[in-house]
Amino acid sequence: MSDVIVDHTQKLEEAAVPNNLEQQDKQDEEQPQQSVQENAEYEDEELHKHLVPDITQLPLIPPSAVEFNFASYFAPDFMKPGNDQYVYRHANGLCVVGLASTHLAFKDKGGITAVDFNVGKSDRSGMKVTGKRKKNAQHFESNTALCKVCTNGDSYIVRCCVKGSLLEVNERLIKQPELLHSSADREGYIAIIMPKPADWLKVKASLLSLEEFKKLRALC
């Protein structure tokens, strides 16, 4: 009787071997598929992280176009107390120069009434730069006068702040000086200057960052 049971058990084990092999083959086939699927899910998750920002990490106030496209620097009390100017530097090296919001001209009663580019020995608004090589561009020092900003009771000289080639002055200010009040850091800019890399590094050391300027003028 025991021989019959042993023989029957052996037959059951032998019959089970192919089934076990089939199950193993199925598992081997399923594992690569699961691995590919897991990798795909991981890549989708990583892509989602890059494309969709974490809302908890977003600033309460989105950056302005100036803050997003330019690095902001400031020249406080440039050549004279209260003559605060900004220098916005683009990634391509161009520098936009204008009056900082703390400039004395904005504190005069009646505000700014006129902008005159006829300073020094030439009228800055008469300069016309052409071509890729910026033909006719004049090279100025950081203390060179760009224009004169007039109020009811005083006038202020606005200077280059950076050594470089004067590419453009904002002629709109001649007829629309009020742009300095409404958007001095945008449509009310004074001029665009292209400094050489070496000259920029020198002047950059004398300028303040946005955070440093805010602390200096207690704007925080």
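**A walk from a ring cluster to the sheet around it**

Let's start with some aromatic side chains: Phe74, Tyr86, Tyr88 and Phe213 are joined into a cluster by ring pairs. Keep in mind as you look around that this is a predicted model. Within the cluster, Phe74 and Tyr88 are a good pair to pick out, and both of these residues are buried. Their ring centres lie 6.4 Å apart with the planes at 85 degrees, so the arrangement counts as edge-to-face. Phe74 belongs to strand β1 and Tyr88 to strand β2, and the two are 14 residues apart, so this pair links distant parts of the chain.

In total, the model has 4 aromatic pairs. Another one of them brings Tyr73 together with Trp200, again edge-to-face, at 5.3 Å centre to centre and 75 degrees between the planes. Here the separation along the chain is 127 residues, with Tyr73 sitting in strand β1 and Trp200 in helix α5. Are these two residues buried or exposed? Tyr73 and Trp200 are both buried.

Trp200 leads us nicely into helix α5. This helix covers residues 197-204, and Asp199, Trp200 and Val203 are its buried members to look for. Why do these residues lie on the same side of α5? They span an arc of only 100 degrees around the axis, and that is what places them together on one side. Turn to the other side of α5 and you will find Pro197, Leu201 and Lys202, which are exposed. What do the buried residues of the helix pack against? Their partners are three strands: β1 (70-75), β2 (85-90) and β3 (95-99).

Those strands are part of something wider. An open sheet is built from 7 strands, in the order β7-β10-β11-β3-β2-β1-β12, with antiparallel pairing. At its edges are β7 (138-140) and β12 (208-209), each of which pairs on one side only. As a reminder of what holds such an arrangement together, strands of a sheet pair through backbone hydrogen bonds.

Now let's follow the sheet from β2 towards β10. Strands β2 and β3 run antiparallel and are joined by 5 bridges. One place to see this is Tyr86, whose bridge partner in β3 is Gly98; Tyr86 is also one of the residues in the ring cluster where we began. The two strands make a hairpin with 4 residues between them, and in the turn Gly93 has a positive phi of about 100 degrees. How enclosed is β3? Of its 5 residues, 5 are buried, so the strand is largely enclosed by the rest of the structure.

From β3 the sheet continues to β11, again antiparallel, this time through 3 bridges. Val97 stands opposite Ala191 in β11. Ala191 is also the bridge partner of Val169. The strands β10 (residues 164-169) and β11 (residues 191-194) pair in the antiparallel sense over 4 bridges.

Finally, a look at the cysteines. How many disulfides does the structure hold? The number is 0. Cys147 is buried, with a relative accessible area of 0%, and the closest cysteine sulfur to its own, in Cys150, is 9.0 Å away, too far for a bond. Cys160 is likewise buried, at 1% relative accessible area. For Cys160 the closest cysteine sulfur is that of Cys161, and at 7.7 Å it too is too far for a bond.

Definitions and conventions: Residues are numbered from 1 along each chain as its sequence is written. This is a predicted model: local features need pLDDT of at least 70, side-chain atom pairs count only at pLDDT 80 or more; totals for chains, interfaces and linings use all residues. Side-chain values use heavy atoms; hydrogens and water are left out. Two strands pair if DSSP finds at least two bridges between them. Buried means under 20% relative accessible area, exposed over 50%, partly exposed in between (1.4 Å probe, protein chains only). The arc is that of the directions from the helix axis to the C-beta atoms. Contact means heavy atoms within 4.5 Å. Rings of Phe, Tyr and Trp (its six-membered ring) pair if their centres lie within 6.5 Å; planes under 30 degrees apart count as stacked, over 60 as edge-to-face and the rest as tilted. A disulfide is a pair of cysteine sulfur atoms within 2.5 Å.
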